[in-house]
Amino acid sequence: MVGNGIRSAFTVTGDAPAAKTDDQDLQAAVAGYSRWVNSQGDAFLTRTTEFVELVKAGKVEEAKALYPVARSYWERIEPVAESFGDLDPKIDGREDVVEEGMAFTGYHRLEKDLWVDGLQKDTSAIADQLLADVTELVTKAKSVELNPLQLANGSKALLDEIATGKITGEEERYSHTDLWDFEANFEGSKQAIAELRPYLTKKDAALVGRIDATGKALGDLLETYRQGDGFVLYTDLTEDDVKKLTQALDAFSENVAQVAGVVAKA
Ligand SMILES: [Cu+2]
């Protein structure tokens, strides 16, 4: 999401082993997951439109409240969204993109304005660009044809996102709303597994059992950090909190990592 390797997480047009499948459970999984991606995309566009209007109207507090909510729709479907070249860094890149020769735009630039710098002369233009980019992204996301292996890999990629960007407090460095993203990535990961469940249960019921157990442990732990409509800020977490979350995430991720191997056998 900061540029390096952003195009490799979720290859949409590749000819992966399980690209085409005759298995009805896998076909149903792809259809179900695609419908879900579409619904998240629609909500992402709606919420981004509202967010952009608030920013442009100078309603800073309301924009700050909507920020982590609007982003959650993106974070749930991030592996799909990442496959569209520069749209990902334009929408979700951090300030680090400047070092790669790109302009710092999108959600995180607005995050910085809202939380740190105050609204700037070009804030409205950045907001307009964000809406244009999100509109394009959602349109493209709807035309993507997914395969079962991408569901499996995407599910794991979302957990890797948590491990590299959220558990570190790196992604939401100005707003510190990383746990909102954490939950959204986790939900996206679980959604892909839920769609694959009938197939996985037939092929490896023990793995499903381990995924359920470790997923519940992670979910229960995350719940303890809930506050109001959202979560405590990343800056409120102690070192011990981060360690516990990391361990629970790793346990879940280890099991989800095995899903691709089971799907590839189809
Ligand atoms: Cu992100």
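**Figure 1. Thr21 is a buried residue, at a relative accessible area of 16%.** The model shown here and in the other views is predicted. Thr21 belongs to the segment before helix 1. Its C-alpha lies 7.2 Å from that of Ala266, although 245 residues separate Thr21 and Ala266 in sequence. With neighbours within four places in sequence set aside, the contacts of Thr21 are Leu26, Gln27, Pro148 and Ala266. Ala266 therefore appears both as a contact of Thr21 and as its partner across 245 residues of sequence, and the relative accessible area of 16% puts Thr21 under the 20% limit for a buried residue.

**Figure 2. Helix 7 packs against helix 10, with axes that come within 9 Å of each other.** Helix 7 covers residues 148–166 and helix 10 covers residues 239–256. Two packed helices are described by the angle between their axes and the distance between the axes. For this pair the crossing angle is roughly 155°; angles over 145 degrees count as roughly antiparallel, so helix 7 and helix 10 are roughly antiparallel to each other. The crossing of helix 7 and helix 10 is left-handed. On the helix 7 side, the residues that meet helix 10 are Ser155, Lys156, Leu159, Asp160, Ile162 and Ala163. On the helix 10 side they are Leu249, Phe252, Ser253 and Val256. Sorted by class, the contact of helix 7 with helix 10 contains six nonpolar, two polar and two charged residues.

**Figure 3. Tyr33 and Trp36 form a tilted ring pair in helix 1.** The structure holds nine aromatic pairs. In the pair of Tyr33 and Trp36 the ring centres are 5.8 Å apart and the planes stand at 35°, so the pair is classed as tilted. Helix 1 spans residues 24–56, and because Tyr33 and Trp36 are three residues apart in it, about one helical turn separates them. Tyr33 and Trp36 are both buried.

**Figure 4. Phe186 and Phe252 form an edge-to-face pair.** The ring centres of Phe186 and Phe252 are 5.4 Å apart, and their planes are at 90°. Phe186 is in helix 8 and Phe252 is in helix 10, so the pair ties together parts that are 66 residues apart in sequence. Phe186 is buried, at a relative accessible area of 2%. Phe252 also counts as buried, at 2% relative accessibility. Phe252 is in addition one of the helix 10 residues that meet helix 7.

**Figure 5. Ring pairs join six named aromatic residues into a cluster.** The members are Phe44, Phe51, Tyr67, Trp74, Tyr107 and Trp115. The links between these residues are ring pairs.

**Figure 6. His176 has a positive phi, near 60°, and is a residue other than glycine.** His176 sits in the loop between helix 7 and helix 8, the latter covering 178–203. The relative accessible area of His176 is 22%, and the residue is therefore partly exposed.

**Figure 7. Val98 lies in the loop between helix 4 and helix 5.** Helix 4 runs over 87–92 and helix 5 over 106–117. With a relative accessible area of 47%, Val98 is partly exposed. Val98 and Asp86 are 12 residues apart in sequence, and the C-alpha to C-alpha distance between them is 13 Å.

Definitions and conventions. Residues numbered from 1 in each chain as written. Predicted model: local features only at pLDDT ≥ 70, side-chain atom pairs only at ≥ 80, totals over all residues. Heavy atoms only, no water. Axes fitted to C-alpha atoms, helices over the stretch in contact; angles between N-to-C directions. Helix = DSSP H or I, 4+ residues; strand = E, 2+ residues; numbered from the N terminus. Parallel < 35°, antiparallel > 145°, perpendicular 65-115°, else oblique. Left-handed = near helix turned anticlockwise from the far one by under 90°. Contact = heavy atoms within 4.5 Å. Nonpolar A, V, L, I, M, F, W, Y, C, P; charged D, E, K, R; others polar. Buried < 20%, exposed > 50% of the residue type's maximum accessible area, 1.4 Å probe, protein only. Phe/Tyr/Trp six-rings, centres within 6.5 Å; stacked < 30°, edge-to-face > 60°.
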